[in-house]
Amino acid sequence: MENSAEIPSDTNPPVVEIQNVIQRYPKPDSKDETTVIGGISLTFDQQAINMLLGPSGCGKSTLLKMAGGVPPAGITYPTEGKVYINGEETVGPHQDAVMVFQSYANRPDLTVRENIAFPFKMKLWKSRISEQEQNQRIDHILQAVGLSNKS
């Protein structure tokens with residue numbers, strides 16, 4: 001009888017994996033590009049609090065926006081490389097990624113109502129609160145802040 005170690009079949013992929021990401025932006029009034037991220041790879045195997053530390057302009061916010069699915073209009077994120085969340089390649093909004101902005105901000109590609117509803121689309125809330133209750137809460141929030149007519 002052979003003695004072999006069993007490999008668990010439920011091995012989870014890394015929570016976030018960034019593979020050789022390069023990000024370039026076009027320079028205004030030029031055919032040249034500026035490289036903001038020059039080939040970074042990171043792996044976060046489990047949910048945790050992590051920190052990106054570096055000088056202004058080194059690409060921290062760009063990387064976070066990329067992983068959070070918040071690309072600027074008209075820009076391909078990433079220029080090269082891949083971003084995975086829970087083993088799924090992502091190039092835009094992902095239901096398991098949320099971007100918390102340093103300054104108050106909304107997703108410009110969503111309506112007021114969609115911005116308020118966005119957290120309810122995350123796996124954490126989607127399975128806990130019915131769509132009817134989500135809509136009631138969103139309606140209440142819109143009314144409370146005087147934006148009922150803006151949704």
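User: Before we start, what counts as a helix or a strand here?
Analyst: Helices and strands are DSSP runs, of at least four residues for a helix and at least two for a strand, numbered from the N terminus. With that in hand, the pattern along the sequence of this predicted model reads β-β-α-β-β-α-α-α.

User: How many helices and strands does the protein have?
Analyst: The protein has four helices and four strands.

User: In what order do the strands sit in the sheet?
Analyst: The order is S2-S1-S3-S4, in an open sheet with antiparallel pairing. Strand S2 (33-44) and S4 are the edge strands, each pairing on one side only.

User: How many bridges link S1 and S2?
Analyst: Nine bridges join strand S1 (residues 16-26) to S2, in the antiparallel sense. Val16, for instance, has Phe44 in S2 as its bridge partner.

User: Which strands does helix H1 lie across?
Analyst: Helix H1 (residues 60-68) lies across S1, S2 and strand S3 (80-85). The helix runs at about 60 degrees to S2.

User: Moving to the interior, which residues make up the largest nonpolar core?
Analyst: That core has 11 residues: Val15, Val16, Ile18, Val21, Tyr25, Val36, Ile37, Leu63, Met66, Tyr77 and Val83. S1, S2 and H1 each supply at least two of its residues, and the largest share, four residues, comes from S1.

User: Why would such residues gather like that?
Analyst: In soluble globular proteins, nonpolar side chains tend to be buried together.

User: What does Val36 touch?
Analyst: Leaving aside residues up to four places away in sequence, Val36 touches Gln23, Tyr25, Cys58, Gly59 and Thr62.

User: And what is in the second core?
Analyst: The second core is separate and has six residues, including Ala117, Ile129, Ile138 and Leu142.

User: Now Thr90. Where does this residue lie?
Analyst: Thr90 lies in the loop between strand S4 (88-89) and helix H2 (112-117).

User: Is Thr90 buried or exposed, and why is it classed that way?
Analyst: Thr90 is classed as buried because its relative accessible area is 5%, and buried means under 20%. Val83 and Ile85 are in contact with Thr90, not counting residues up to four places away in sequence.

User: What share of the whole protein is buried?
Analyst: Of its 151 residues, 26% count as buried. The accessible surface comes to about 11,200 Å², and 51% of that surface belongs to carbon and sulfur atoms.

User: Last one: what share of contacts joins residues at least 24 apart?
Analyst: The share is 51%, taken among contacts between residues at least 6 apart in sequence.

Terms used:
Residues numbered from 1 in each chain as written. Predicted model: local features only at pLDDT ≥ 70, side-chain atom pairs only at ≥ 80, totals over all residues. Heavy atoms only, no water. Buried < 20%, exposed > 50% of the residue type's maximum accessible area, 1.4 Å probe, protein only. Contact = heavy atoms within 4.5 Å. Areas by Shrake-Rupley, 256 points an atom, 1.4 Å probe, with all protein chains shown as cover. Pairing = 2+ DSSP bridges. Axes fitted to C-alpha atoms, helices over the stretch in contact; angles between N-to-C directions. Core = buried A, V, L, I, M, F, W, Y, C linked by side-chain atoms within 4.5 Å.
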